[in-house]
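Hi there,

Here is the structure I promised to pass on to you. Have a look at it first, and then read on for my notes.

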Amino acid sequence: MTIAPVVHELRPVPRVDGALRACVDLPGVILFDSARHDSRLGRYSFLSGDPVEMFSLQEATVSRDPFAELRGLMASRVEATLPGLPPFQGGAAGVLSYELGHAWEKLPRTDIDEFQFPAFTIGLYDWVLAWDHLDDRCWIVARNRPNLSAQSRIDDLIERLQDNSGPPSAIDPVSAATSSDIVRPIQRDITALATRSFRANGPAELQSNFSQKSYVETVARVVDYIRAGDIFQANLSQRLMFPARESALETYLRLREVNPAPFGGFMAHDDWAVLSASPERFLQLEGNIVETRPIKGTRQRIRSSVVDLFTRDALRESTKDASENVMIVDLLRNDLSRVCRPGSISVPKLCELESYETVHHLVSEVRGELRAGLTFWEVLAATFPGGSITGAPKVRAMEIITELEQVSRGPYCGSLFYLGYDGRADSNILIRTFSRRQGWLQCSVGGGIIAQSDPESEYAETLHKAAGMIRALK
């Protein structure tokens, strides 16, 4: 028999930041945060924690299905979802690191992986605090556990939400779990790498693993690979690092305020946290329709409204940026064709302009009809990591990225995702994202390199993308 969850609507509607503050001490706390509200892309937010079970994989290998155990457990549970409520009402949710791609392709590994982020960490959540920002409503959706009733969970959450006035710095769910025995060797490695100051109106302690000169030279090496016929495009990034001197929560609350995004999010587990202000959807599955929204093409926002209009027009008319975007659209069409019905893939939007707090972007949409019998797990296997943050052809681009960046990406360019019991799913690309571990914040910024790329301009683009993140550090 299918058992429906227990639902309680909250009045007045709690603020998302206040609710996160109230629940941040829960193990495996996770937030899908549409801080930039939009009727289609930023309508819902979801908060949960204290999962029934947590799954983690430290290192992915090509011969092993990384989701086998979780896939079987979810298939064995018969859980109802209710119509008229936001789409995620419990299920699997978590962080997929970029290196999870090793599960499906034989790829080289970097020699430098100081932070040792898991390939994935996924919880099975039995309650959700769900907001509908369009209708200004919020519900607690909870399910019974053997040792905890749904109503008890609802009562506990109501009590937490009524007592969330404490300062966010009162709790640091990450650093409290840090072991000094682990910190020492990791910080020694970081000190060796982070010797190059990053100058973009940021704090003096902000460091990069590239100097401007070395990044420009590395872009030129990518262009050489393109001209040699190895690839058409590769996404090259530099990693910024900053000593974390406040709680993960404090940093995230500031980030969502200064750089609101439709696909933002927060997850804290054990001694690490991921803090994202991502503007990019990776995969959405609604019924049998799969959608991905690659971003390629960026311009810095200008304070002068008149000049900003010219900046937008320049991005719209840029053949270089359009070419970059179209290459990735073609790659994603190919990826989706592995799991979608032949002839069903379409591109409803191509190179449309979207404006965010600090940058303008060119965004496209690719959709397809999932073949019968396949699920979100198969879609992930066919497409991860996203083409917009790897390049084309994908595998060769990833090999070149590993060679030139020299450090593991961890959560950067991975994904924060949820998958409900009814099969509906949504996920982001973890760009504009801080990863926090062992007393450090890291945030990588990069861009797609093609044959027409100008190395100095590509370096400047990374500064533009970092601007909103750096504001969150001040």
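Please keep in mind that this is a predicted model. Let me begin with helix α11, which covers residues 455-471. With 17 residues at 1.5 Å a residue, α11 should span 24 Å, and its end C-alpha atoms lie 25 Å apart, so the two values agree. There is nevertheless a kink in α11 of about 35°, centred on K465. K465 is also one of the buried residues of this helix. The others that are buried in α11 are P455, E458, Y459, E461, T462, A466, G468, M469 and I470. As a general reminder, an α-helix has 3.6 residues a turn, so residues three or four places apart point the same way.

Another helix to look at for burial is α9, residues 376-383. How many of its eight residues are buried? Six of them are, so helix α9 is mostly covered. The buried residues in α9 are F376, W377, V379, L380, A382 and T383.

Next, two helix pairs.

- Helix α5 (residues 212-227) and helix α10 (residues 394-405) have axes that come within 11 Å and cross at roughly 150°. Since angles over 145 degrees count as roughly antiparallel, that is how α5 runs relative to α10. Their crossing is right-handed. On the α5 side the contacts involve T218, R221, V222 and Y225, which meet R396, I400, E403 and L404 of α10.
- Helix α1 (residues 16-23) packs against helix α3 (residues 150-162) at an angle of about 110°, with the axes 8 Å apart. This angle makes α1 roughly perpendicular to α3. The crossing of α1 and α3 is right-handed. Here A19, A22 and C23 from α1 meet L157, R160 and L161 from α3.

Moving to a single side chain, R299 sits in strand β16, residues 295-300. Is R299 buried or exposed? Its relative accessible area is 24%, and because buried means under 20% and exposed over 50%, R299 counts as partly exposed. Leaving aside neighbours within four places in sequence, R299 is in contact with T311, A314, L315, S318, D321, T358, V359 and H360. The C-alpha atom of R299 is also 6.7 Å from that of H361, although these two residues are 62 residues apart along the chain.

Finally, some backbone geometry that you may want to check for yourself. Most residues other than glycine have a negative phi, and most peptide bonds are trans. Here are four places in this model that depart from that pattern:

- The peptide bond from R11 to P12 is cis, with omega near -5°. P12 is in the loop between β1 (6-9) and α1.
- The bond from A392 to P393 is cis as well, with omega near -10°. P393 belongs to the loop between β19 (391-392) and α10, and α10 is the helix that crosses α5.
- D270 is not a glycine, yet its phi is positive, near 50°. D270 lies in the loop that joins β12 (263-269) and β13 (272-278).
- Q438, again not a glycine, has a positive phi of about 55°. Q438 is in the loop between β22 (433-437) and β23 (440-449). With a relative accessibility of 2%, Q438 counts as buried, because the cut-off is under 20%.

Happy to talk any of this through whenever it suits you.

Best wishes

Technical notes: Residues numbered from 1 in each chain as written. Predicted model: local features only at pLDDT ≥ 70, side-chain atom pairs only at ≥ 80, totals over all residues. Heavy atoms only, no water. Helix = DSSP H or I, 4+ residues; strand = E, 2+ residues; numbered from the N terminus. Expected span 1.5 Å × (residues − 1). Bend = angle between axes of the 7 residues up to and from the residue. Buried < 20%, exposed > 50% of the residue type's maximum accessible area, 1.4 Å probe, protein only. Axes fitted to C-alpha atoms, helices over the stretch in contact; angles between N-to-C directions. Parallel < 35°, antiparallel > 145°, perpendicular 65-115°, else oblique. Left-handed = near helix turned anticlockwise from the far one by under 90°. Contact = heavy atoms within 4.5 Å.
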